[in-house]
Amino acid sequence: MLKSARSKQKEKDPEGRMPLADHLRELRNRLAKATLAIVIASAVAVVYSQELMDFLTSPVPECGKDGPKKGGVCATIVYTDLLSPFTTTVKVVLMAGIVASCPFWLYQLWAFVAPGLHRSEKKYSYYFAAAAAPLFALGVYFAYLIMPVSMKVLLSITPAPAENLLSVDKILDFTVRMVLIFGFSFELPLLLIMLNLTGMVTGRRMLGWWRGAVMGIFVFGAIATPSTDPLGMVALSGPIILLYFLAVGFSLLNDRRRRRNDPDAELDDDEASALDLTPSNLGEVEAVSAAGALPGQATGDADGGRSNRLNGYDDIT
């Protein structure tokens, strides 16, 4: 088994510091473990390669036993060359191995980075990871929900004399792009929340950006969706806009909590806080009597009878 470089140290640094050689050795071990996990998961996925191919091509409206039909009613899935079945299966199996083993290799990445983080940074990282996975899964769900409709819209443009023959490689690329684009796009509101928690962006400022944000999200949806149809753009942009305003609402509540705990929390580094310069009544001054430190100091006679002292001191201060 590969042992961590940190476990070999006799005296562990409480701040997680190590020499550069130990860091490189630690990185090598973590990468080896992550690669081994991906290889094992991919080997298991080989057994279910046919089921995986059926799942990835399920959004395509396939033609029945009657064969290809003219026009945009359906499509026939084909392989374009001799090596396509092998290369496509390798891609699908490798992709399934990466997805299936993601909890393990993500843990290896976290175990390498975590010792260098502060306690507050670790806390935010836990929150980010706990929210990122459901949001990514929600984006993937929307992608698979919209892909059959998008494919039907695109196939309907086919003129009647033509037939639709779709390559498996093209279908795989289309599916992966849709899944990744939808999945990572749903992480945008989480990024805004993290910026607000770290004090870089306020909720009021994000609320002032809403017009530009809505326009930018629609433009991004039109460019990013591979289907290039209005339905795919709306399906991607609508949920992101909703999540954006939820992030703004969370940021406003967090800013209110921050102001309640610290009124000067939102001030810039070079901005002075408001000072209350109103003079306050000190009340009645209490007279304090103290004995002189030198003989005759209290009466002013310690200098041999000189009268240039006031209350036993050489000057009026």
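**Exercise 1. Is F142 buried, partly exposed or exposed, and which relative accessibility supports the class?**

Solution. The model is predicted, so local features need pLDDT of at least 70, side-chain atom pairs count only at pLDDT 80 or more, and totals for chains, interfaces and linings use all residues. Residues are numbered from 1 along each chain as its sequence is written, and side-chain values use heavy atoms, with hydrogens and water left out.

Step 1. Set the classes: buried means under 20% relative accessible area, exposed over 50%, and partly exposed in between (1.4 Å probe, protein chains only).

Step 2. F142 has a relative accessibility of 25% and therefore counts as partly exposed.

Step 3. Apply the classes to F186: at 0% relative accessibility, F186 counts as buried.

**Exercise 2. Describe the aromatic pairs of the structure, starting with F142 and F186.**

Solution. Step 1. A pair of aromatic rings is described by the distance of the centres and the angle of the planes. Rings of Phe, Tyr and Trp (its six-membered ring) pair if their centres lie within 6.5 Å; planes under 30 degrees apart count as stacked, over 60 as edge-to-face and the rest as tilted.

Step 2. Searching the whole structure gives five aromatic pairs. One of them joins F142 and F186, with 5.6 Å centre to centre and 35 degrees between the planes, and this pair is tilted.

Step 3. Place the two residues: F142 lies in helix α5 (residues 119-155) and F186 in the loop between α6 (168-185) and α7 (188-197), so the pair ties together parts that are 44 residues apart in sequence. Helices (H or I, at least four residues) and strands (E, at least two) are DSSP runs, numbered from the N terminus.

Step 4. For Y244 and F245, the ring centres are 5.5 Å apart and the planes stand at 80 degrees, so this pair is edge-to-face. Y244 is buried at a relative accessible area of 5%, whereas F245 is partly exposed at 34%.

Step 5. Ring pairs also link Y141, F142 and F186 into a cluster.

**Exercise 3. Which residues have the most contacts inside the largest nonpolar core, and which elements give two or more residues to this core?**

Solution. Step 1. A nonpolar core is a set of buried Ala, Val, Leu, Ile, Met, Phe, Trp, Tyr and Cys residues joined through side-chain atoms within 4.5 Å.

Step 2. The largest nonpolar core has 34 residues, and M178, F182, M206, L236 and Y244 are those with the most contacts inside it.

Step 3. Two or more residues of this core come from each of α5, α6, α7, α9 (210-224) and α10 (230-261). The largest share belongs to α10, with eight residues.

Step 4. A second, separate core has five residues, among them M53, V92, V168 and L172.

Step 5. Look at α7: seven of its 10 residues are buried, and the helix is mostly covered. These buried residues are P189, L190, L192, I193, M194, N196 and L197. Just after α7, G199 has a positive phi of about 85 degrees.

**Exercise 4. Find the salt bridge and the nonpolar patch that involve residues of helix α1.**

Solution. Step 1. A salt bridge is a side-chain nitrogen of Lys or Arg within 4 Å of a carboxyl oxygen of Asp or Glu. The whole structure contains one salt bridge.

Step 2. R30 and E26 form a salt bridge through their side chains, at 2.9 Å from N to O. Both residues are buried. R30 and E26 are four residues apart in helix α1, and therefore about one helical turn separates them.

Step 3. L36 is also found in helix α1 (residues 20-47). With a relative accessible area of 53%, L36 is exposed.

Step 4. L36, I40, V44, V47 and Y48 make a nonpolar surface patch of about 520 Å². Patches are made of residues with over 30% relative accessible area and no salt bridge: like charges are joined within 9 Å, nonpolar side chains (Val, Leu, Ile, Met, Phe, Trp, Tyr) within 5 Å.

**Exercise 5. Where is I98, and which residues does I98 contact beyond its neighbours within four places in sequence?**

Solution. Step 1. I98 is found in helix α3 (residues 84-100) and is partly exposed, at a relative accessible area of 35%.

Step 2. Contact means heavy atoms within 4.5 Å. Leaving aside neighbours within four places in sequence, I98 is in contact with I38 and W105.

Step 3. The C-alpha atoms of I98 and A41 are separated by 7.5 Å, while the two residues are 57 residues apart along the chain.

Methods:
Areas by Shrake-Rupley, 256 points an atom, 1.4 Å probe, with all protein chains shown as cover.
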